[in-house]
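Thanks for sharing this one with me. Here are a few friendly notes to read alongside the model.

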Amino acid sequence: MSKDSKARHQKGKLLSFIPNGEYYFSKGIKAYHRRDFHKAKKYLMRAMQLEPGEPMIVCQLAIVHSEMGEYQESNQLLHLILEELDEDMVECHYFLANNYAHLGLFKDAYQHANTYLDLDRDGEFTEDTEDLLELLTLEAEDMDDELYEQDDLITKQEQARELLESGHFPKAVEILNSVIDEYPEYWSAYNNLALAYFYLGEVQKASDILEKVLEENPGNLHALCNKLVFAFYERDFRQVRLLKEALKKIKPLSIEHQFKLGATFALTGEYEAAFAWLRKLQKIGFEGDGPFYYWLSYSAYFTGREELAKSAWKKAIEINPDKEGFEPWNDEKVTSSGFEDHYSSILKKLESDYIEERLFGLFLTSVSSRRDEILASEAIVRNKKFSSLERDYLSYVKTEQEAPAQVQAAHETAELFYENYHPIGTVEAGLYLMWFTIFAEMTNSRQNIKNKKAWAAAIEYVWHKLRNEKVSQSKIAGRYGISASTMGKYVKSVNDRLQ
């Protein structure tokens, strides 16, 4: 070789190789065809990280998840494609139909199978889809529609979850009790029912439900997490410590359980453990909902990862704009947050089927920073559920002038609570709901509110007792400037009306 050769001149020059999404996609496809699904999943996840907006990569990863029996994870990716990346990739409907069939959700399977045929009658999977529809029909006939009832069960559970998140606890209790009556071993419904009772202030009833779940379904992660949340709110620090130690030893495999564990740790201030689980989910491409990014942001911020906290918060706000102003780094607004500043929650309360929740919604409107916006909303303007009592209350909230004595007294009683219990969180909401339940009952029986302070003291005392909190009658009576004997008479009246 001559001294002047090109190779000589290039001595020491390195050619870099930086794998891109296409490279890992190709390796993933090869592993898939070898049926080495674990390697295929690993390579395709890497490809998706490098090119997150490429629908072909996401779709192939969804197919691998299906092959591994991870149908829910597959569905999340397929819905991501149709809703955000490429709505014209209609084959996703075929893959969704298969996944839902494997999960036993035959109504959803029917829907997506028929959608695929409607959109691509001569498509690659037409024949397979028709075979699937025939199989679904046979399954439904053989099972006497039992599995369609399962679909209804999950629909009810989702409806109850939404009611819980928006503070409609009595309605959630009603739905969940009906689910449990029909499906006595559907533990998810028990766990949500325990939450509903806890937020209504019926702590013992909530705890008894969790104990039943853990007795009949030992190790139920959701029940253990809820038990920790209850202990945290009840300030039972010994129980909190024991439960945290136990939960830290659990290493769940399912994405749902990992998220539940991470969110529970974050809610109870165990931010390092919370961040470990939530960040792990984010790294594998988990596309969570608003609460996922909310808790990821909080756990990241309080473990010193501010940039990640801000990027997660940005996504949380995109999904749920009502959270704006409650950033983990905004101490003032975080500590003052409550239902009174949750616009969508107030609107849902105003449209509730329960008068006590609608009355509570009107009170929240009166103290909300978004009062004028709520008063102009359709939930107010076109509300056909309001009774004459509620219309009088609405008029009072709008004008802040004199109203019928009963309405004004009810509002001023709630204001007495607000002096000591604000912001109104999910726990405090039970106190107000109890009062508006009593108020509606009194109005129906034509009993006037003659002693606002006595009613407020009695309601608060009963609320504490239902939550198994040790309170002194004389202390609460003194707070409202009445005698303990007077309060005792009203406590009896409250208990009689709650039975």
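1. Let me begin with burial across the whole chain: 49% of the 499 residues of the protein chain count as buried. Please keep in mind that this is a predicted model.

2. On secondary structure, the protein chain has 29 helices and zero strands. Along the principal axes, its C-alpha atoms fill a box of roughly 110 × 65 × 50 Å.

3. The domain assignment divides up the protein chain as domain 1 (21–145), domain 2 (251–332) and domain 3 (339–496). Between the C-alpha centres of domain 2 and domain 3 the distance is 33 Å.

4. Helix α20, which spans residues 343–350, deserves a look in your viewer. How many of its eight residues are buried? Six are, and the helix is mostly covered. The buried residues of α20 are Tyr343, Ser345, Ile346, Leu347, Lys349 and Leu350. Note that a lysine, Lys349, is among these buried residues.

5. Now for charge at the surface: Glu124, Glu127, Asp128, Asp131 and Glu134 together form a negative patch. One of these residues, Asp131, sits in helix α8, which covers residues 126–142.

6. Why can Asp131 be counted in a surface patch? Patch members need over 30% relative accessible area and no salt bridge. Asp131 has a relative accessible area of 43%, so this residue passes the area cut-off. With that value Asp131 is classed as partly exposed, because the exposed class begins over 50%.

Technical notes
Residues numbered from 1 in each chain as written. Predicted model: local features only at pLDDT ≥ 70, side-chain atom pairs only at ≥ 80, totals over all residues. Heavy atoms only, no water. Patch = residues over 30% accessible without salt bridge, like charges linked within 9 Å, V, L, I, M, F, W, Y side chains within 5 Å. Areas by Shrake-Rupley, 256 points an atom, 1.4 Å probe, with all protein chains shown as cover. Salt bridge = Lys/Arg side-chain N within 4 Å of Asp/Glu carboxyl O. Lys, Arg positive; Asp, Glu negative; His and termini not counted. Charge placed at Lys NZ, Arg CZ, Asp CG, Glu CD. Helix = DSSP H or I, 4+ residues; strand = E, 2+ residues; numbered from the N terminus. Buried < 20%, exposed > 50% of the residue type's maximum accessible area, 1.4 Å probe, protein only. Domains from an automatic or database assignment.
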